[in-house]
Amino acid sequence: MSLVRRNIKRALDDRKLGRAVLNSCLLSTEKRDRLISELDFQSTRAAARLIRQRSLDENRPLLERFKESFEKAGGRLHYALTAEAACRIVVDILLKAGALQGVKAKSMVTEEIGLGQALHRAGIDAVESDLGEYIIQLAGERPSHITAPALHRSKESIGRLFADRLKIPYTDDPQQLTEIARSVLRRRYIDAEFGVSGANFLVAETGHVVVVENEGNGRLGASLPRIFVAVTGIEKVVGGLSDLAPLLALLARSATGQRATAYVNALLPAPDVSDAPDEFHLVLVDNGRRRTMADPDFAEMLLCIRCGACLNVCPVYRSVGGHAYGSVYPGPMGAVLSNLLGPRMMMHHELPFLSTLCGACKEVCPVDMDLPGMLLKLRERAPKPAIDRVAAAGWGWAMATPARMELAGRTVRTIGRAIGAMPAGSTVKTGMSFRGLSREASDK
Amino acid sequence: MTGLFRQRWLESAGEYVEAAPEGDVGRELLAFLQAEGIKSVVIGGSPLMPIVGERLAGEVEILADFGRAGYERETAKLLCSRAEAGISGVDALISETGALVVSSTGRAGFMISSLPPLHLVVAHEAPVFRSQEDFLAVAPTDLSFSFITGPSRTADIEKRLVLGAHGPKRVVVWGPEI
Ligand code: SF4
């Protein structure tokens, strides 16, 4: 049994997990829908897409411009071709500065490059400060969602984890658990010699590094410690500050169902200011991005602003959660992106089959990416045995559990009907859309 | 526009107090601090702050007044984390999103708005912009700044909203009369 298949089976057998993931996805989607309807969604996302398209089309000149502005303000820019190189750069910065303990804010790119493990190996103590990340760090787990890393855990399981690891009386009250984490981490912030964070956008004209967050840990990490290291992908650069407006409006609504995120921090190096770090580093990560930009089939994937909306609406993600994908990036965006990054293409060739091609991801995507189209193209590129194996795994396991179907709501019920026409173990034709399958099923 | 700001700000769990016109915002702040039983504050640097500082002097403990003196990072962060409240000005208000614009100008603007559990914002004379877009078109190109929309928050445990994650639990704005 392949690893992905085993993961999926385990996820489907875990009823509590299924319920936690589904509830969370439904809540997020509901809030998102309410606030998106305030915008002229189609025209705002068209504007956002244009801005992001320029990030790719003019990537080199924009990065050069950014470098100039950022360095003029006193920042130090680094470029990492691979994940290993990126980790080495961060480790070197911290060792050279003698900064051995610090705080880390949530960032998918640091997960992608395995920075946590690299710091640990180098004897550098970096505590995760985002509440969700802190929870999974205590549990020794990986995030299961790109914006809500501990989404797979119930409050009871978090309560038990805190009681066990922090040696405190059990509580499963989210308010109390948050306060406990706040006080533990507050001490770490005061003592921190460095802060590490991701970045949502880089502004070429001014050199601002934009960090969007709700908890306030991002701005603490960027203003309290003497060393600050931001790590982000080369595709995050945009032209000017004004380009941020539609992106921020869409990101807040799509990611957390808010009109505005609690903190949008536009950070500039300012070495002689008391609440800015002495050293402000930015590590630009390639790790397959430059290669992807040159690939007409998949360059589009780099428009992604990591909002997580496509995960929340995906019937497969809703059923199995993030860990089943076995990749840092789960859900529809992860099934594509995981195959583009890293040392070579198609490292996760089974993932494109974990989709019903229902198109919900494309409908919600704030930059209007054709995720189903890319999933199909990846299926075509997948090594042949993967198709048979995972078609069965993906469809058979993920879709053929009536109880789970019921939970996953209307979309999945429809899929369930489609699957009814597909005995377990049968293979899926790569070029067939969900709607096609659905029709075929009702014809019978 | 101020009305919309207030509405949106309240929707984001922020608090709003109408500053009396021609009033003395220092006196209003002092009354608020006394009512809340707050004894120690840090004060940020903005043109209005010296007046506020004078009002509060002798009444509450002013751990640091960043408008009057510069502090080393280590001192600044210890003082800000000991204070029960941080008082600061604001560079602008944004009505559509209900956001404050706070810049880091070397006067601990980021620490004051991050470390104490309560952040009091003197905003009755701040310029009001309609949208983020309008502000970004004229935003400072050589400063760090944040949009702040309500108190810090998290929904990482079962999507339940909890206020007061790493930043303040309450943010109270003294804004113009509406
Ligand atoms: S692919 Fe689109 S919907 Fe999914 S995370 Fe990226 S931007 Fe959001």
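User: Hi! Which residues are linked with A:Glu38 in a network of salt bridges?
Analyst: Hi! A:Glu38 shares that network with A:Arg253, A:Arg259, B:Arg8 and B:Glu11. A salt bridge here is a side-chain nitrogen of Lys or Arg within 4 Å of a carboxyl oxygen of Asp or Glu. Keep in mind that this is a predicted model, where local features need pLDDT of at least 70, side-chain atom pairs count only at pLDDT 80 or more, and totals for chains, interfaces and linings use all residues. Residues are numbered from 1 along each chain as its sequence is written, chains are lettered from A and ligands numbered from 1 in the order in which they are written, and side-chain values use heavy atoms, with hydrogens and water left out.

User: Why can side chains pair like that?
Analyst: Side chains of opposite charge can pair when their charged atoms come close.

User: OK, how far apart are the closest N and O atoms of A:Arg259 and A:Glu38?
Analyst: They are 2.5 Å apart. This pair links distant parts of the chain, 221 residues apart. A:Arg259 sits in the loop between helix 12 and strand 9 (263-267) of chain A, and A:Glu38 in the loop between helix 2 (15-36) and helix 3 (41-57) of chain A. Helices (H or I, at least four residues) and strands (E, at least two) are DSSP runs, numbered from the N terminus.

User: And is A:Arg259 buried or exposed?
Analyst: A:Arg259 is buried, at 18% relative accessible area, while A:Glu38 is partly exposed at 38%. Buried means under 20% relative accessible area, exposed over 50%, and partly exposed in between (1.4 Å probe, protein chains only).

User: How many salt bridges does the structure hold over all chains?
Analyst: There are 36 over all chains. One of them joins A:Arg381 to A:Asp297, with the closest N and O atoms 3.2 Å apart. Here A:Arg381 lies in helix 18 (residues 371-381) of chain A, and A:Asp297 is 84 residues away in the loop between helix 13 (289-293) and helix 14 (309-313) of chain A.

User: Switching topic: how many salt bridges are there across the interface of chain A and chain B?
Analyst: Three are found across that interface. A:Asp278 also forms a salt bridge with B:Arg73, and their closest N and O atoms are 2.4 Å apart.

User: What area do chain A and chain B bury between them?
Analyst: About 4,800 Å², with 53% of it on carbon and sulfur atoms. Buried area is the accessible area (1.4 Å probe) that two parts lose on being put together, summed over both. In chain A, the residues that lose the most area to chain B are A:Arg182, A:Arg219 and A:Ser274, together 14% of what that side buries. The contact (heavy atoms within 4.5 Å) takes 63 residues from chain A and 51 residues from chain B.

User: What about the largest nonpolar core?
Analyst: That core has 103 residues, and A:Val209, A:Met301 and B:Phe147 have the most contacts inside it. Helix 12 (residues 244-256) of chain A gives the most to this core, with seven residues. A nonpolar core is a set of buried Ala, Val, Leu, Ile, Met, Phe, Trp, Tyr and Cys residues joined through side-chain atoms within 4.5 Å.

User: Which residues does B:Phe147 touch?
Analyst: Not counting residues up to four places away in sequence, its contacts include A:Leu248, A:Tyr263, B:Ile94 and B:Phe135.
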